[in-house]
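Biologist: Please pick one buried spot in this model and go through it closely. After that, carry on to how some of the helices pack.

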Amino acid sequence: MLFNSYVFIFCFLPVAIFVYFYLNKLRLPQASTSWLVFASLFFYSWWNLTYLPLILTSVLFNFSITRIITSYDEAKKNFFSKKTIFVFGLIFNLGLLGYFKYMDFFIENINVAAGVKLPLLHLTLPLAISFFTLQQIAFLVDSYEGLAKEGSFLDYAVFVTFFPQLIAGPIVHHSEMMPQFSKLRSKVVNYKNIANGLALFSIGLFKKVVIADTFAIWANVGFDELQTLSFLEAWMTSLSYTFQLYFDFSGYTDMALGIALIFNIQLPLNFNSPLKKTGMIDFWKNWHMTLTNFITTYIYTPINRSYQRLTFHKAMWATFLTFLIAGLWHGASWMFVIFGALHGIGVVINHYWKKTKIKISKVLAWFITFNFVNFTFVFFRAHDMSDALKVLKGMGGLNGFSLPEMIASKLPVLKKYGLEFQPFMESIKFSWLIFVYIALAFALVLIFKNSVDLIRQHQRSYKTAFYSSLLFFIGVMSMNRTSEFLYFNF
């Protein structure tokens with residue numbers, strides 16, 4: 001079930017909200033929590049019922065292992081040490097993720113390296129396994145360090161499965177979520193939160209179905225259909241995917257935050273205008289912020305702690321390794337490894353540049369940062385190296401130049417100077433409309449406030465209600481085809 005589907009918007013969500021608050025009104029908190037867990041598991045199972053046993057097994061195991069860790073008595077004679085139990089839990093989670101997400105990738109590379117033909121398992125990637133596994137690893141680590149404890153299985157289940165953020169985040173911590181669920185005022189209908197939540201959901205829906213899905217048409221044509229790309233076509237392709245990815249994921253996050261807010265739950269911010277930033281450090285502090293926080297806390301920091309004497313250069317090496325791991329987390333492909341390596345190098349260079357204290361203009365810094373991000377997203381989108389090189393060669397002008405026919409026909413003077421342009425691919429919808437969309441996308445990300453800032457200033461009035469309703473109406477009327485969110489694949 002997708003956020004951008006009629007069955008979710010007009011059936012599932014209204015029923016889930018009504019029953020939850022009705023049970024709370026009857027002062028049945030356990031029943032309302034149970035309902036929320038049931039609704040979340042129903043939401044998760046909608047794609048494929050075979051996914052359900054996996055997430056239930058993961059939740060049951062992690063709850064049990066964390067209960068053992070938090071109730072561990074050092075004074076008693078125990079067969080296993082607390083650290084051994086913790087490591088076992090960690091291995092289980094990483095093993096589960098590794099088996100389903102990376103086993104075929106591992107076999108493929110063994111076959112290439114060793115020249116053998118081991119059969120692939122052809123495993124289907126379980127939906128949301130990356131997100132609910134990371135969330136539970138964070139809780140496992142926090143439990144081991146005495147920073148978190150959960151005594152109720154029902155509460156733990158709703159922490160992991162809460163459907164607004166189950167499929168693609170934001171990645172949440174127990175300490176962020178459970179105090180909100182336990183508050184009495186969270187169990188009562190809050191009309192301000194409903195208004196703000198619906199407004200945020202409407203913005204996210206518009207981002208996804210009107211902006212991201214339109215850019216997807218051009219990105220898919222450039223990456224998947226054309227054999228070669230001219231200079232302009234390649235740049236239109238890369239920019240289309242950059243904006244598709246941004247508006248797709250930020251749109252999903254807006255919708256998740258909006259839905260959660262209707263339930264009086266505030267999810268952590270995941271985007272804070274990252275495409276406005278003037279350096280790779282700031283970009284990653286504001287792009288997929290909950291993932292950045294996770295890899296900083298649970299990967300980067302432990303690597304640094306492993307050094308007997310930490311130096312700046314060692315910290316930069318840890319940064320690079322962390323981004324390699326973060327790149328691979330996105331998927332079982334060398335393209336994601338290259339993407340992570342490039343971003344690791346970009347962040348490291350940014351750190352070294354800051355040490356020089358040489359300042360450049362903000363416009364130039366933004367230009368370098370944005371183009372670096374746009375360049376590296378080519379690897380993020382490409383299926384393999386040949387796909388990536390096809391686009392990059394075009395962006396470098398190695399496949400010639402082209403202009404739309406409507407422009408080239410009006411510039412015959414160019415031929416006087418020996419400038420020949422290939423016909424622009426009007427047939428693949430690289431028409432004048434793409435220039436309008438890209439210009440508007442730049443305006444949205446660089447000039448306008450982001451959606452969360454807009455909602456913070458949101459005042460209940462006829463004007464704001466009108467604009468929210470308009471975005472919602474346009475979004476619903478634009479749902480002429482079902483399209484998954486990009487991060488569902490990770």
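Modeller: Leaving aside neighbours within four places in sequence, His288 is in contact (heavy atoms within 4.5 Å) with Phe131, Phe249, Asn270, Phe271, Trp329 and Tyr487. This is a predicted model, in which local features need pLDDT of at least 70 and side-chain atom pairs count only at pLDDT 80 or more, while totals for chains, interfaces and linings use all residues. Residues are numbered from 1 along each chain as its sequence is written, and side-chain values use heavy atoms, with hydrogens and water left out.

His288 sits in the loop between α11 (280-286) and α12 (289-305); helices here are DSSP runs of H or I with at least four residues, numbered from the N terminus. With 0% relative accessibility, His288 counts as buried (under 20% relative accessible area with a 1.4 Å probe, protein chains only; exposed is over 50%, partly exposed in between).

Two of the partners named above fall inside helices treated below. Phe249 belongs to the range of α10 (residues 231-262), and Phe131 to that of α5 (129-144).

Helix α10 packs against α15 (residues 362-381) at an angle of about 90°, the axes being 9 Å apart. Axes are lines fitted to C-alpha atoms, for helices over the stretch in contact, and angles run from 0 to 180 degrees between N-to-C directions. The pair is therefore roughly perpendicular (65 to 115 degrees; under 35 is roughly parallel, over 145 roughly antiparallel, the rest oblique). On the α10 side the contact is made by Trp235, Ser238, Leu239, Tyr241, Thr242, Phe243 and Leu245, and on the α15 side by Phe370, Asn371, Asn374, Phe377, Val378, Phe380 and Arg381. By class, this contact has nine nonpolar, four polar and one charged residues. Ala, Val, Leu, Ile, Met, Phe, Trp, Tyr, Cys and Pro count as nonpolar, Asp, Glu, Lys and Arg as charged, and the others, Gly among them, as polar.

Helix α5 is among the elements that cover the buried residues of α8, together with α1 (6-25), α2 (29-45) and α6 (153-161). In α8 (residues 174-182) those buried residues are His174, Met177, Met178, Gln180 and Phe181. Viewed down the axis of α8, they fall within an arc of 160°, so they line one face of the helix; the arc is that of the directions from the helix axis to the C-beta atoms. An α-helix has 3.6 residues a turn, so residues three or four places apart point the same way. Exposed Ser175 and Ser182 are on the face of α8 turned away from the buried side.
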